[in-house]
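Visitor: I'd like to poke around this one with you. Can you show it to me?

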Amino acid sequence: MKPLLLWSDMLIYLLVLALCLFFLRLRSDPQIRDHWRQVFSTRLGMVTFTVILVYVGIALLDSLHFRKALDPVAGSPRGEIFYDNTVTSVLDVMLGGMGERFERTYSAPFALKSFEKQDMKDDNGAAFRDFPLLEHAGRHLAQPEDRGSDILTKSARALLWGLLAAAVVVGLQWYLLRSSSLPWYASWMTQAVVICLGVWLVSISRYYHVLGTDLGGADVAFQSIKGVRTGVLLGTLATLIMLPIAVTLGVMAGYFKGWVDDVVQYLYTTLSSIPGILLIAASVLLFQVYIDLHPDFFAVGLQKADARFIALCFILGVTSWSSLCRLIRAETLKISQLGYVQAAHAFGVSHTRILLRHILPNLVHIILITLVLDFSGLVLAEAVLSYIGVGIDPTMGSWGNMINGARSELSREPVVWWTLSGAFFFMFVLVLAANLFSDLVRDAFDPRTGIRRSAT
Amino acid sequence: MLAYIIRRLFYAIPILIGVNLLTFTLFFVVNSPEDMAVSQLGQKYVTPAAIQAWKQKNGYDLPLFFNAAAAGSGVVTDTIFFSKSLRLFAFDFGRSESGRDITSDVSTRMWPSLAVALPTFLIGIWVNICVALLVVMFHATRLDRWTVLVFVALMSISYLFYIIGGQFLVAKTWKLVPISGFHIEGQVWKFLILPVLVGVVAGIGSGARWYRTLFLEEANQDYVRTARAKGASELRVLFRHILPNALIPILTGVVVIIPSLFMGGLLIESFLGIPGLGSYMLDAINAQDFAIVRSMVFIGSILYIVGLILTDISYTWADPRLRLD
Amino acid sequence: MKEQSAVVMHVQDLRVEVVETGAVILKGVSFELQAGQIFALVGESGSGKSVTSLAAMRLLPNALAITGGSVQVAGQDLFELSEANMQTVRGQRVAMIFQNAMSALNPVQTAGEQVAETLRLHTTLGGEALRQRVLQLFAEVGIPDPAQRYTFYPHQLSGGQQQRVMIAMALACEPDILIADEPTTALDVTIQEQVLALIRGLTRSRQLAVLLITHDMGVVKNTADEVAVMYRGEIIERAQVAEFFRNPREAYSRRLIAALPDLTHFHSGCDGEALLQLEDVKVHFPLRKGVLQRVVGYTRAVDGVSLSIGRGETYALVGESGSGKSTLGRAILNLDRVSAGRITFQGASLHGLRRRAMLPYRKKIQVVFQDPYSSMNPRMTVGAIISEGMDSLGMGLSAAQRAQRTEELLQRVQLGSEFSARHSHELSGGQLQRIAIARALAVEPELIICDEPTSALDVSIRAEVLELLQELQREFGVSYLFITHDLSIVPSLAHRVGVMQAGRLVEEGSAEQILTRPQHPYTQALLKSVPRVDSV
C-alpha cells in the first residue's frame, strides 16, 4: 500500500485546519460567540449543521488516497512491489467494496436482472434473448421470490446494528454534553438517522444494488456518495480562493479611496460584465488545451482529473470575487466614517493597524455570511458546468457528471429514473442543509436583522 | 438626468475595452495560436506545415500586436489584435473555426433566444412579486414560515432538474406541448410554453424569497406606520405604499438576474433544441471553437452593460429622489 | 378652566408586554386628554412614552402586545373595535404625527398626494375639491406656495416643511385628538420653535386635544398645559405645567428640571495663554456636476473662521446642523483638509502636516465624538480601546504600565477597573461616553475637541457627563473646544461662546455676554428657543 497525496487532498485538509483555527479565534469574541449560540440554539441549526458535518466527514474520508500493492507476479524481481494504477480512498474501503461490483449496464434498484435483454445461450447451446441475471445482486438467493422477505430480514438486522452503533455514539455525547442548554437532541436524532442509514446501506449493498446501476454498470449509490467530495470541496475551495482577493481589494478600495478605489471598481465592473458562465467555460477550455498538450505532467489518470478540478476551483474563485468585493468595499467605506476609525486616526494609529484591528474584524460577519451562502451556489454550479462539458473531469465522480450521463434516460421505456434520483437526493440534501444553515447564520450575524429584532 | 445617462454610456467604453483586452489575453496570450491549432487538428500526428496551414486559413498567422513586415497602417491593422479583437467593436465577428460567418449566425439565432428570454424575464418578475406579496400578507403566521421553507427547498434544486422534470411531466407524461424543437413558421408559442414555464418556476424559490425580504424591509419603515396612522387598510398599505417603494430595490436587483438568464438560456436551449444563442454557445464549447466563444463573450458583456444602463434608467424613473436631482 | 373643557380621550390602566419574554413595558398608564389642551408625556428613552402612544392607536409592532386597560374615545373603547372600525378612527378621530418627518413620509409619493390620501380614506371628496382642500390645509400650516409644494416629493422639502406636511396630513379630517410623538426632535432649534408654535395655535383654534410626547423639558415648558413624567413604564408625577416647574415632587422630576439651563450663573472669564489659534480657516468641498464631473463650485462648510482657545479654557462652538462646526473640529484634527487659512497650536502650524509630522500633536489634541456607540470598535475590549492611543503614540510605557494607567483612568471617570475586559455593546451610552473621555485623557492631551458629546444621551446622564468634564478640567487644566447645537448646556460649561452660521462665526464673546445680551439676530433667534428657569 502506498499513500498518494493529491493536490486537492492536501488543500482540503489545509482548508479544514484553517477553518478550525478561524472559528477558534472567533470564539474569543463574546459577541460572535453569542451569534453562534443563537444559530445553534435552534433545532434547525443543529440538524442542518450535523448534516453538513456528515458530508464534510465523507469528503475527508474520501480524500485519504492510496494505491494498492499488486500481488507479486511470477518473474518479477524480488522485493520490488508494483502498485495498482487505480487509486483507492479510505471511504472506498469503508463502503466495503461497493464500487467494485460492476454490472454490464443499467439495472433497477434491488433488481435481480439486468435492464436490457442480451443474447445468451442456454445449457443446450441454443441461443435466446432475455434479461440476464446480475452478477452482484441476489446471487445468494435460492428462489427469486424470496427477495422481498430477504430484503426485509437483512434490513431489520442492519437497522438493529445501526441503532446499536447510534446508541453508543449518542450516549457518549450525551455523557459529555448533558449540562449544555443547546438542543443537542436534534443533532443526535440526525446522527442516529445517518448512522442507521449508513450501516443499512453498506450491509445491504453487499447483496443488492440499492439505487441500481448506471449505463456503465456502476453502482449508483456508490457514485452518489463519491460525488460528495467533489461537491463539498468545490463549494469551499472556490470560496476560499475568492476570499483573499475580494477582501484585500475591497478593503483597499473602501479605505484608501481615490485612484485605488477607481482601479478596483473598474476591475470588478469589467469582470462582472462578462457573463460568468462564459468566462468560466472559456477559461476551462483553455486549461483543457494545456492539459492535453502536457500529458507527461501527470502520472496517474486521477491526477490529471485532479489538476483540472483544482483549475476549475481557481477559475470559479477568480471569476466570482466581484460581488463580495463590492459588498466589502461598501462596508469599509461605511466603517471608515465611523467614530472609532476617526478616533484611531486622531490617535495617529497607522494605516495597517487600522485595517487589521478596526476594519477587518468588523467585516467578519460579511465574510462569514458569504462563505456559507456561496457554498450551496457553487455546488449547484458544479452540476451545470459538468453538464455544459466544462466541469469536473468525467473520470472523477460528481453529481453533475451523473446527471449529464443520465439526462436523456427519462425518455426510455420503462423510465430509467434511479441515476437522476441518486444524484438529486444527495445534492438536494446538501444544498438544502447549506441554504437553511446560511439563513440562520445570516439572521444571527447580519446587523440589519439584529437591529430589526431588537427594535420590535 | 440626461447628463447622468450620457455619463453612464461613457463609462461603458473603458469597460468594453477591458473586456476586449481580457478575452484577447485569455485566447491569444495564455494560449498561443499554435496550441489552438494542435487541439483543433488532433494532438498526435500534427506536422508543423499543417499547423501553419490552419493558422493561415483562420488568420492566426499574424503577429499579436505589431506587424513590422507590413507597410503603412498595416503595421497596426495586420495583427491578430486588430483583426480578431478590435473588429468586435464594429460587431464584425469574423468566421468561426469551421468557416461559418459568425455575424450572420448570431443575427439569425438571436430571435429564438429573445423569444424565450424576454417572456421568462418579465413573467418571472411578475410571478415572483405576486407570490411574495401573497406571502407578506400572511407575515408572521405559520403559513409564512412554511412558505419560506418551501422557497428554500425550491432554491436547493438544481436548474437541470427543473428542465428534466418539466420536460418529463409537461411534455412526456401529460403530452401538453412538444418535447423539444422550434419552428419559426406556425405556432411558435407552442414551443415557447415549456422553456418559459421552466424558467419561471425555477426562479420562484430565490426570487420570491428575496422579494419577500425586500417587502418586509420596507414594511419596517416609518412611512408605513404613518400610513397606518392615517387609517389606511393593510391591503392599501401593501399596494399603495410598500409596493412602489420596494420596486426600487427590485429594479436594481434586476441586473443580478441578467447573468442567470444567460445561463438559463444556455441550458434550456440545448435541452429543448431551441436554435438560439445559448445552444450556439454550447455547441461551440463542445467543438472547442474559440472564435465563437470569443465573440459570445463580447456579446454577453455588451448585453450585460446595456442591461445595467437600462436598469439605471428605470431606477431613476422609479425613485423621485434620483429623478429630480 | 379645567372643568370647562371636555375629556375627549381617556386612557386607563394601559398595560403592554413583550410577547416573547413577557417583560412588562407599560405597568398601567392612565391619563385623560382634554379639548384645547396640550398634555405632555415626558420621559427619557426607554421610559415607554412612545409605546403608550402607539398602543393607544393600536399600532404596536408585532413583538409587543396590549395586555390590559382601555382607551375610551367618545365613550367607545378603542380596544374593543374591530380592525376595520379602528381604521376609521385612525386619521379621522385620532391623528398622529411622528418624529423625523423625512422618514415618516412616503418617499415616492408627492406631498399633496399624501395629504389627499387621508381625505380620500375618510371623506367623499374628490377631484378639484380634494385638491383645493389640500391646498387650504397647506396654507393653514404655513407652507409657502402650496400649489407648487403639492407636487413636491418629501426630499425636496426642508425639514420644517416636511413636519408641516405631516401636521397637515394629521389635521386633514379634523380629528378631535392629535398625538404628536417627538414632533420636533429632528429639527433645528429655530424651526422647532416655529413648529411648536403652530401646534399651539392649532390646539386653540381647532380645540384639539393634544398628546405631546417629548424628552425635552424645554418643549414641555414652552408648549404644554399639563405634564406627566414617565419613568420605566409608569407615570410617576402629573401636574399642571406651571406648578410642575415651580414645585416638582419627585426627585427624578427635579433631576430633569435641573438639566435646564440656569442663566444666572456663568463661568468667570479665563485668561490662560493662547493654545490653539485659527486664522481665517476655510474648508471647501468641491461640487461636481455634468457629464465630465467638472468642479462647478464649492460647498463652503467652513468659510473663514478665526478664533483662539486659551489654556484651561472651554470654548463652546454653537450652531445648527450644517453650520460647519463639526467640520471645523475635524479640520483642527487634520481629518479634513483645510483649503485656506492657518491653524497654529502653541505657535506651531498644524494644517497640511503629513501623517507622521502630525503625530506629536495628536498626543496634545484629542477628541470625543457624538455617537458613543459608533465611536468604540465593537470587536475590542474597553481596555484595548483605552490603551490604543498610548500604544500608537509611543508614550514609552510598558504593557504593564499601560494596563495600570488604563485602570486608573477607568476609576477616574467613575467606572470600575472591571470594565476593562468588557466590550462596548454591553455598556450604556453614558458609560461609553465616559470611556471615550478616558481614552482621550490617556495620552495626556492639552486640548480635547468635544463634538456634541452629550447630544445622544438622556438628560439625567448628560448632566453627569458634563460635570465629569468640568472636574477633569479643574484637575488637569485641559482646554475644551465644545461643539454643540444645544445652547442650554453652555452656561454651566463654557467660558467663551462662538456662534456659527453657514460656515461663518457670526458672534463671539463671553458666555454671559452671548446668553444675556446677544447682538446678532441669529443668536437672538437661537436663544429665544431655549427655555429658562429664571423666567418661571
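Guide: Sure. One term to start: two residues are in contact if their C-beta atoms, placed from the backbone, lie within 7 Å. Keep in mind too that this is a predicted model.

Visitor: With that in hand, which residues does Phe482(C) touch, not counting residues up to four places away in sequence?

Guide: Phe482(C) is listed among the residues with the most contacts inside the largest nonpolar core. Leaving out residues up to four places away in sequence, its contacts are Thr314(C), Tyr315(C), Ala316(C), Leu317(C), Cys450(C), Leu493(C) and Ala494(C).

Visitor: How many residues does that largest nonpolar core have?

Guide: Among the residues with the most contacts inside it are Ala281(A), Val293(B) and Leu481(C), one from each of chains A, B and C. Helix H7 (residues 220-256) of chain A gives the most to this core, with 18 residues. A second, separate core has 82 residues, including Val115(C) and Met217(C). The largest one has 243 residues.

Visitor: Is strand S13 of chain C largely enclosed or left open by the rest of the structure?

Guide: Look at both faces. Thr314(C), Ala316(C) and Val318(C) point one way, Tyr315(C) and Leu317(C) point the other way, and all are buried. In a regular strand the side chains alternate between the two faces of the sheet. Five of the five residues of S13(C) are buried, so the strand is largely enclosed.

Visitor: Which strands of chain C pair with S13(C) in the parallel sense?

Guide: One pairing runs over five bridges, and there Tyr315(C) stands opposite Leu481(C). Another runs over four bridges, with Leu317(C) opposite Gly498(C). The partners are S18(C), residues 479-484, and S19(C), residues 496-501.

Visitor: Why does Arg474(C) count as exposed?

Guide: Arg474(C) is found in helix H17 (residues 459-476) of chain C. Its C-alpha atom is separated by 7.9 Å from that of Gly312(C), 162 residues apart along the chain. The exposed label needs 12 or fewer other C-beta atoms within 10 Å. Arg474(C) counts as exposed because its number of C-beta neighbours inside 10 Å is 9.

Visitor: Which strands stand at the edges of the open sheet of four strands in chain C?

Guide: The order is S12-S11-S14-S15 (chain C), with antiparallel pairing. At one end, S14(C) (residues 340-345) and S15(C) pair over two bridges, and Phe345(C) has Ala348(C) as its bridge partner. Each edge strand has a single partner, so one side of each is left without a neighbour in the sheet. Those edge strands are S12(C) (294-310) and S15(C) (348-349).

Visitor: On to the interfaces. Which element gives the most to the side of chain C that touches chain B?

Guide: This contact takes 27 residues from chain C and 24 residues from chain B. The elements of chain C giving two or more residues to its side are helix H2 (83-89), helix H3 (101-104) and helix H4 (111-122). By class, that side divides into 12 nonpolar, 13 polar and two charged residues. The one that gives the most, with four residues, is H4(C).

Visitor: And how many nonpolar residues does the side of chain B that touches chain A have?

Guide: The contact takes 41 residues from chain B and 40 residues from chain A. Helices supplying at least two residues of the chain B side include H1 (2-30), H11 (234-272) and H13 (290-318) of chain B. The side also has 11 polar and two charged residues, and its nonpolar residues number 28.

Methods: Residues numbered from 1 in each chain as written. Chains lettered and ligands numbered in written order. Predicted model: local features only at pLDDT ≥ 70, side-chain atom pairs only at ≥ 80, totals over all residues. Buried ≥ 20, exposed ≤ 12 C-beta atoms within 10 Å, placed from the backbone. Pairing = 2+ DSSP bridges. Nonpolar A, V, L, I, M, F, W, Y, C, P; charged D, E, K, R; others polar. Core = buried A, V, L, I, M, F, W, Y, C linked by C-beta atoms within 7 Å.
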